[in-house]
Amino acid sequence: MVIVLKSNSSESSIKDLIAKVKAKGLDVNVSQGSEHTIIGLIGDTSIILPEDLQSIDIVDSVKRISEPYKKANRKMHPGDSMIDVSDRIVGEGRFHVIAGPCSVETEEQIIEVAEDVKKSGATMLRGGAFKPRTSPYAFQGLHDEGIKLLLEAKKATGLPIVTEIMNLNHIDLFADVDLIQVGARNMQNFDLLKELGHCKKPILLKRGLANTIEEWLMSAEYIMAGGNSNVILCERGIRTFETATRNTLDLGAVPVIKEKTHLPIIIDPSHATGRSSLVAPLAKAAVTVGADGLMVEVHNDPAKALCDGAQSLDPTQFDELMQDIKRRVIFENKVLG
(Lines give C-alpha, C1' and ligand atoms only; values in the text may rest on other atoms or scores of the structure.)
Protein backbone atom coordinates (compact mmCIF):
# COMPACT_ATOMS: atom_id res chain seq x y z
CA MET A 1 0.00 0.00 0.00
CA VAL A 2 1.24 3.50 -0.90
CA ILE A 3 0.20 6.77 0.73
CA VAL A 4 0.75 9.91 -1.34
CA LEU A 5 0.87 13.01 0.84
CA LYS A 6 -0.18 16.54 -0.05
CA SER A 7 2.63 18.88 -1.02
CA ASN A 8 2.06 21.20 1.95
CA SER A 9 2.29 18.45 4.60
CA SER A 10 4.28 19.51 7.65
CA GLU A 11 7.13 17.40 8.98
CA SER A 12 5.40 16.91 12.32
CA SER A 13 2.19 15.72 10.64
CA ILE A 14 4.18 13.22 8.56
CA LYS A 15 5.91 11.90 11.69
CA ASP A 16 2.53 11.50 13.42
CA LEU A 17 1.18 9.51 10.47
CA ILE A 18 4.25 7.26 10.38
CA ALA A 19 3.91 6.63 14.12
CA LYS A 20 0.24 5.60 13.66
CA VAL A 21 1.17 3.18 10.89
CA LYS A 22 4.04 1.64 12.87
CA ALA A 23 1.73 1.24 15.86
CA LYS A 24 -0.24 -1.20 13.68
CA GLY A 25 2.88 -3.36 13.35
CA LEU A 26 3.80 -2.21 9.85
CA ASP A 27 7.10 -0.91 8.54
CA VAL A 28 7.38 2.11 6.25
CA ASN A 29 9.48 3.25 3.33
CA VAL A 30 9.54 7.04 2.90
CA SER A 31 10.39 8.59 -0.46
CA GLN A 32 10.77 12.36 -0.77
CA GLY A 33 9.84 13.54 -4.27
CA SER A 34 10.09 17.00 -5.79
CA GLU A 35 6.35 17.57 -5.34
CA HIS A 36 5.04 14.83 -3.06
CA THR A 37 6.19 12.65 -0.18
CA ILE A 38 5.28 8.98 -0.61
CA ILE A 39 4.99 6.54 2.28
CA GLY A 40 5.06 2.87 1.37
CA LEU A 41 3.57 0.44 3.89
CA ILE A 42 5.34 -2.89 4.31
CA GLY A 43 3.73 -5.87 6.00
CA ASP A 44 0.18 -7.15 6.30
CA THR A 45 -1.68 -4.09 5.03
CA SER A 46 -5.05 -5.88 5.18
CA ILE A 47 -5.36 -4.60 8.77
CA ILE A 48 -5.65 -1.01 7.49
CA LEU A 49 -8.56 0.31 5.43
CA PRO A 50 -7.58 2.73 2.64
CA GLU A 51 -10.57 4.95 3.47
CA ASP A 52 -9.32 5.41 7.03
CA LEU A 53 -6.01 6.71 5.71
CA GLN A 54 -7.75 8.81 3.07
CA SER A 55 -9.64 10.67 5.80
CA ILE A 56 -6.39 12.07 7.26
CA ASP A 57 -6.00 15.69 6.14
CA ILE A 58 -2.41 15.43 4.85
CA VAL A 59 -3.18 12.38 2.66
CA ASP A 60 -3.69 13.05 -1.04
CA SER A 61 -4.36 9.47 -2.18
CA VAL A 62 -3.96 5.83 -1.15
CA LYS A 63 -3.11 3.01 -3.56
CA ARG A 64 -2.76 -0.72 -3.06
CA ILE A 65 0.25 -2.51 -4.56
CA SER A 66 -0.42 -5.97 -5.93
CA GLU A 67 3.20 -6.93 -6.63
CA PRO A 68 4.92 -8.93 -3.85
CA TYR A 69 8.07 -6.79 -3.97
CA LYS A 70 7.59 -3.54 -2.06
CA LYS A 71 10.91 -1.78 -1.45
CA ALA A 72 12.04 -2.44 -5.03
CA ASN A 73 8.72 -1.24 -6.45
CA ARG A 74 8.67 2.00 -8.42
CA LYS A 75 5.27 2.81 -6.93
CA MET A 76 6.99 3.05 -3.54
CA HIS A 77 9.90 5.07 -4.92
CA PRO A 78 8.91 6.93 -8.12
CA GLY A 79 12.30 8.54 -8.70
CA ASP A 80 15.25 6.52 -10.07
CA SER A 81 17.68 5.33 -7.41
CA MET A 82 21.29 6.38 -7.80
CA ILE A 83 23.78 3.93 -6.29
CA ASP A 84 27.14 5.18 -5.04
CA VAL A 85 30.00 2.79 -5.81
CA SER A 86 33.10 4.45 -4.35
CA ASP A 87 32.06 7.88 -5.66
CA ARG A 88 30.91 6.48 -9.02
CA ILE A 89 27.17 7.15 -9.24
CA VAL A 90 25.24 4.44 -11.07
CA GLY A 91 21.79 5.46 -12.25
CA GLU A 92 19.89 8.39 -13.65
CA GLY A 93 21.83 10.13 -16.43
CA ARG A 94 25.12 8.26 -15.94
CA PHE A 95 26.47 5.28 -17.86
CA HIS A 96 29.13 2.93 -16.47
CA VAL A 97 31.26 0.27 -18.11
CA ILE A 98 32.61 -2.48 -15.86
CA ALA A 99 35.38 -4.38 -17.64
CA GLY A 100 38.03 -6.99 -16.91
CA PRO A 101 38.80 -10.69 -17.13
CA CYS A 102 36.43 -13.51 -16.24
CA SER A 103 38.95 -14.65 -13.65
CA VAL A 104 41.99 -13.21 -11.94
CA GLU A 105 44.97 -15.32 -12.98
CA THR A 106 48.19 -13.48 -12.05
CA GLU A 107 49.18 -10.07 -10.70
CA GLU A 108 50.71 -9.12 -14.06
CA GLN A 109 47.56 -10.13 -15.95
CA ILE A 110 45.03 -8.27 -13.80
CA ILE A 111 47.10 -5.07 -13.58
CA GLU A 112 47.77 -5.08 -17.33
CA VAL A 113 44.08 -5.52 -18.13
CA ALA A 114 43.09 -2.90 -15.53
CA GLU A 115 45.42 -0.35 -17.09
CA ASP A 116 44.15 -1.14 -20.59
CA VAL A 117 40.45 -0.90 -19.79
CA LYS A 118 40.94 2.30 -17.79
CA LYS A 119 42.78 3.86 -20.72
CA SER A 120 39.81 3.01 -22.96
CA GLY A 121 37.30 4.58 -20.56
CA ALA A 122 36.06 1.78 -18.29
CA THR A 123 34.86 3.10 -14.96
CA MET A 124 35.17 -0.08 -12.85
CA LEU A 125 37.27 -3.25 -12.92
CA ARG A 126 35.74 -6.71 -12.80
CA GLY A 127 37.56 -9.95 -12.12
CA GLY A 128 36.54 -13.29 -10.68
CA ALA A 129 38.33 -14.43 -7.52
CA PHE A 130 35.84 -17.22 -6.82
CA LYS A 131 34.55 -18.93 -9.97
CA PRO A 132 31.40 -21.09 -10.04
CA ARG A 133 32.06 -23.62 -12.84
CA THR A 134 29.87 -26.32 -14.31
CA SER A 135 32.76 -28.78 -14.27
CA PRO A 136 34.45 -29.58 -10.95
CA TYR A 137 37.71 -29.97 -12.90
CA ALA A 138 37.69 -26.43 -14.36
CA PHE A 139 39.70 -23.54 -12.90
CA GLN A 140 37.86 -22.35 -9.77
CA GLY A 141 39.70 -19.06 -9.20
CA LEU A 142 42.41 -17.94 -6.80
CA HIS A 143 39.94 -17.23 -3.96
CA ASP A 144 41.24 -14.79 -1.32
CA GLU A 145 44.52 -14.40 -3.24
CA GLY A 146 42.43 -13.24 -6.23
CA ILE A 147 40.87 -10.49 -4.13
CA LYS A 148 44.33 -9.37 -2.99
CA LEU A 149 45.42 -9.11 -6.63
CA LEU A 150 42.30 -7.13 -7.52
CA LEU A 151 43.17 -4.70 -4.73
CA GLU A 152 46.66 -4.37 -6.19
CA ALA A 153 45.08 -3.51 -9.55
CA LYS A 154 42.85 -0.97 -7.82
CA LYS A 155 45.92 0.58 -6.19
CA ALA A 156 47.62 0.81 -9.58
CA THR A 157 44.67 2.31 -11.48
CA GLY A 158 42.19 3.76 -8.99
CA LEU A 159 39.36 1.72 -10.51
CA PRO A 160 36.73 0.39 -8.06
CA ILE A 161 36.67 -3.42 -8.09
CA VAL A 162 33.75 -5.76 -8.75
CA THR A 163 33.91 -9.45 -7.91
CA GLU A 164 31.50 -12.30 -7.20
CA ILE A 165 30.70 -13.77 -3.80
CA MET A 166 29.64 -17.42 -3.67
CA ASN A 167 29.39 -18.22 0.01
CA LEU A 168 28.06 -16.18 2.94
CA ASN A 169 31.02 -17.41 4.99
CA HIS A 170 33.31 -15.38 2.70
CA ILE A 171 31.76 -11.99 3.47
CA ASP A 172 34.69 -10.84 5.61
CA LEU A 173 37.00 -11.32 2.61
CA PHE A 174 34.95 -8.73 0.70
CA ALA A 175 35.48 -5.88 3.16
CA ASP A 176 37.48 -3.86 0.63
CA VAL A 177 35.51 -4.86 -2.49
CA ASP A 178 33.63 -1.86 -3.88
CA LEU A 179 30.74 -3.69 -5.58
CA ILE A 180 29.83 -7.24 -4.53
CA GLN A 181 28.42 -9.36 -7.35
CA VAL A 182 25.81 -12.08 -6.81
CA GLY A 183 26.02 -14.43 -9.77
CA ALA A 184 23.20 -16.05 -11.71
CA ARG A 185 23.51 -19.35 -9.85
CA ASN A 186 23.16 -17.61 -6.50
CA MET A 187 20.28 -15.29 -7.39
CA GLN A 188 18.00 -17.38 -5.18
CA ASN A 189 20.51 -18.23 -2.48
CA PHE A 190 18.27 -16.58 0.08
CA ASP A 191 20.57 -17.06 3.06
CA LEU A 192 23.30 -15.21 1.16
CA LEU A 193 20.89 -12.47 0.07
CA LYS A 194 19.71 -11.97 3.65
CA GLU A 195 23.29 -11.63 4.86
CA LEU A 196 24.08 -9.10 2.12
CA GLY A 197 21.02 -7.16 3.26
CA HIS A 198 22.79 -6.48 6.55
CA CYS A 199 25.87 -4.94 4.94
CA LYS A 200 26.00 -1.45 3.44
CA LYS A 201 28.02 -2.28 0.37
CA PRO A 202 26.40 -1.95 -3.06
CA ILE A 203 25.32 -5.27 -4.58
CA LEU A 204 25.29 -6.22 -8.27
CA LEU A 205 22.52 -8.79 -8.60
CA LYS A 206 22.58 -10.91 -11.75
CA ARG A 207 19.42 -12.48 -13.14
CA GLY A 208 19.22 -16.25 -12.78
CA LEU A 209 19.58 -18.64 -15.71
CA ALA A 210 15.87 -19.39 -15.89
CA ASN A 211 14.20 -16.81 -13.67
CA THR A 212 11.35 -14.44 -14.38
CA ILE A 213 11.70 -10.71 -13.85
CA GLU A 214 9.40 -10.90 -10.83
CA GLU A 215 11.57 -13.61 -9.23
CA TRP A 216 14.62 -11.45 -9.91
CA LEU A 217 13.01 -8.46 -8.23
CA MET A 218 11.98 -10.61 -5.29
CA SER A 219 15.67 -11.51 -4.84
CA ALA A 220 16.46 -7.79 -4.83
CA GLU A 221 13.71 -7.43 -2.23
CA TYR A 222 15.49 -9.93 0.05
CA ILE A 223 18.56 -7.67 0.08
CA MET A 224 16.56 -4.47 0.49
CA ALA A 225 14.34 -5.95 3.22
CA GLY A 226 17.49 -6.44 5.29
CA GLY A 227 18.22 -2.72 5.13
CA ASN A 228 20.57 -2.51 2.13
CA SER A 229 18.92 -0.48 -0.63
CA ASN A 230 22.10 -0.27 -2.73
CA VAL A 231 21.18 -2.80 -5.42
CA ILE A 232 22.12 -2.73 -9.11
CA LEU A 233 20.48 -5.28 -11.40
CA CYS A 234 22.36 -7.09 -14.18
CA GLU A 235 20.67 -8.82 -17.13
CA ARG A 236 23.05 -11.53 -18.40
CA GLY A 237 20.81 -13.65 -20.59
CA ILE A 238 18.46 -16.50 -19.77
CA ARG A 239 18.42 -20.13 -20.88
CA THR A 240 16.04 -20.87 -23.76
CA PHE A 241 15.76 -23.53 -26.48
CA GLU A 242 18.11 -21.49 -28.73
CA THR A 243 21.63 -22.93 -29.10
CA ALA A 244 23.24 -20.33 -31.41
CA THR A 245 24.29 -18.32 -28.36
CA ARG A 246 25.31 -19.36 -24.86
CA ASN A 247 22.16 -17.73 -23.44
CA THR A 248 19.42 -15.50 -24.86
CA LEU A 249 19.93 -11.85 -23.93
CA ASP A 250 16.61 -10.34 -22.85
CA LEU A 251 17.02 -6.71 -23.91
CA GLY A 252 13.29 -6.24 -23.35
CA ALA A 253 13.98 -6.67 -19.64
CA VAL A 254 15.52 -3.18 -19.55
CA PRO A 255 12.35 -1.14 -20.29
CA VAL A 256 10.29 -3.58 -18.20
CA ILE A 257 12.64 -3.08 -15.24
CA LYS A 258 12.46 0.69 -15.74
CA GLU A 259 8.66 0.47 -15.44
CA LYS A 260 8.57 -1.84 -12.45
CA THR A 261 11.44 -0.65 -10.27
CA HIS A 262 13.58 2.35 -9.42
CA LEU A 263 16.78 0.28 -9.35
CA PRO A 264 19.43 0.76 -12.07
CA ILE A 265 20.08 -2.04 -14.56
CA ILE A 266 23.18 -2.93 -16.55
CA ILE A 267 23.72 -5.47 -19.34
CA ASP A 268 26.32 -8.25 -19.55
CA PRO A 269 26.60 -9.16 -23.28
CA SER A 270 29.62 -11.42 -22.68
CA HIS A 271 27.84 -14.11 -20.66
CA ALA A 272 24.68 -13.64 -22.68
CA THR A 273 26.27 -14.66 -25.97
CA GLY A 274 29.40 -16.63 -25.13
CA ARG A 275 30.93 -15.27 -28.34
CA SER A 276 33.25 -12.27 -28.54
CA SER A 277 31.97 -11.35 -32.04
CA LEU A 278 28.49 -10.71 -30.62
CA VAL A 279 29.51 -8.62 -27.62
CA ALA A 280 29.83 -5.27 -29.42
CA PRO A 281 26.48 -5.38 -31.29
CA LEU A 282 24.55 -6.22 -28.13
CA ALA A 283 26.50 -3.71 -26.03
CA LYS A 284 25.48 -0.98 -28.49
CA ALA A 285 21.87 -2.17 -28.37
CA ALA A 286 21.95 -2.00 -24.56
CA VAL A 287 22.67 1.73 -24.73
CA THR A 288 19.74 2.25 -27.08
CA VAL A 289 17.18 0.43 -24.91
CA GLY A 290 18.12 2.52 -21.86
CA ALA A 291 20.51 0.40 -19.80
CA ASP A 292 22.54 2.20 -17.14
CA GLY A 293 25.76 0.42 -18.00
CA LEU A 294 27.61 -2.62 -19.30
CA MET A 295 29.72 -5.42 -17.90
CA VAL A 296 32.22 -6.65 -20.50
CA GLU A 297 34.85 -9.37 -20.23
CA VAL A 298 38.30 -8.27 -21.41
CA HIS A 299 41.46 -10.39 -21.36
CA ASN A 300 44.96 -9.46 -22.48
CA ASP A 301 45.26 -12.81 -24.31
CA PRO A 302 41.80 -14.44 -24.71
CA ALA A 303 43.21 -17.54 -26.43
CA LYS A 304 45.13 -18.40 -23.24
CA ALA A 305 42.44 -17.39 -20.72
CA LEU A 306 41.80 -19.91 -17.96
CA CYS A 307 38.08 -19.10 -18.08
CA ASP A 308 35.65 -17.95 -20.82
CA GLY A 309 38.24 -16.85 -23.36
CA ALA A 310 35.78 -17.34 -26.24
CA GLN A 311 33.56 -14.50 -25.01
CA SER A 312 36.35 -12.12 -23.99
CA LEU A 313 37.45 -9.09 -25.99
CA ASP A 314 41.12 -8.25 -26.26
CA PRO A 315 42.19 -4.69 -25.30
CA THR A 316 42.12 -3.46 -28.92
CA GLN A 317 38.60 -4.78 -29.50
CA PHE A 318 37.45 -3.25 -26.22
CA ASP A 319 38.94 0.11 -27.12
CA GLU A 320 37.09 0.09 -30.46
CA LEU A 321 33.85 -0.75 -28.65
CA MET A 322 34.38 2.03 -26.11
CA GLN A 323 34.87 4.65 -28.81
CA ASP A 324 31.49 3.70 -30.25
CA ILE A 325 29.83 3.50 -26.81
CA LYS A 326 31.07 7.00 -25.94
CA ARG A 327 29.42 8.44 -29.05
CA ARG A 328 26.15 6.64 -28.33
CA VAL A 329 26.08 7.69 -24.68
CA ILE A 330 26.54 11.34 -25.65
CA PHE A 331 23.74 10.97 -28.22
CA GLU A 332 21.48 9.66 -25.44
CA ASN A 333 22.33 12.75 -23.33
CA LYS A 334 24.08 10.69 -20.69
CA VAL A 335 27.46 11.01 -19.03
CA LEU A 336 30.02 8.19 -19.13
CA GLY A 337 31.18 7.52 -15.59
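**Exercise 1. State how helix 3 and helix 10 are oriented to each other, and give the reason.**

Solution. Helix 3 and helix 10 are roughly parallel to each other, a label for angles under 35 degrees, with over 145 counting as roughly antiparallel, 65 to 115 as roughly perpendicular and the rest as oblique. The model is predicted, so local features need pLDDT of at least 70 and side-chain atom pairs pLDDT 80 or more, while totals for chains, interfaces and linings use all residues. Residues are numbered from 1 along each chain as its sequence is written, and side-chain values use heavy atoms, without hydrogens and water.

Step 1. Locate the elements: helix 3 covers residues 107–120 and helix 10 covers residues 315–331. Helices (H or I, at least four residues) and strands (E, at least two) are DSSP runs numbered from the N terminus.

Step 2. Read the geometry: the packing angle is about 25° and the axes are 9 Å apart. Axes are lines fitted to C-alpha atoms, for helices over the stretch in contact, and angles run from 0 to 180 degrees between N-to-C directions.

Step 3. List the contact (heavy atoms within 4.5 Å): Asp 116, Val 117 and Ser 120 of helix 3 meet Pro 315, Phe 318, Asp 319, Met 322, Gln 323 and Lys 326 of helix 10.

**Exercise 2. Find which residues of helix 10 are buried, and what covers them.**

Solution. Step 1. Apply the cut-offs: buried means under 20% relative accessible area, exposed over 50%, and partly exposed in between (1.4 Å probe, protein chains only). Phe 318, Leu 321, Met 322, Asp 324, Ile 325 and Val 329 are the buried residues of helix 10.

Step 2. Name the cover: it includes strand 7 (94–100), helix 3, helix 9 (276–288), strand 14 (293–297) and strand 15 (335–336).

Step 3. Examine helix 9: Ala 280, Ala 283, Lys 284 and Val 287 meet Leu 321, Asp 324, Ile 325, Arg 328 and Val 329 in helix 10. Helix 9 and helix 10 pack at about 15°, with axes 10 Å apart, which makes helix 9 roughly parallel to helix 10.

**Exercise 3. Describe the setting of Ser 86 and of His 143, each with a positive phi although not a glycine.**

Solution. Step 1. Ser 86 has a phi of about 50° and is found in the loop between strand 5 (83–85) and strand 6 (88–90). Its relative accessible area is 32%, so Ser 86 is partly exposed.

Step 2. His 143 has a phi of about 60° and lies in the loop between strand 8 (124–126) and helix 4 (144–157). At 35% relative accessibility, His 143 is partly exposed.
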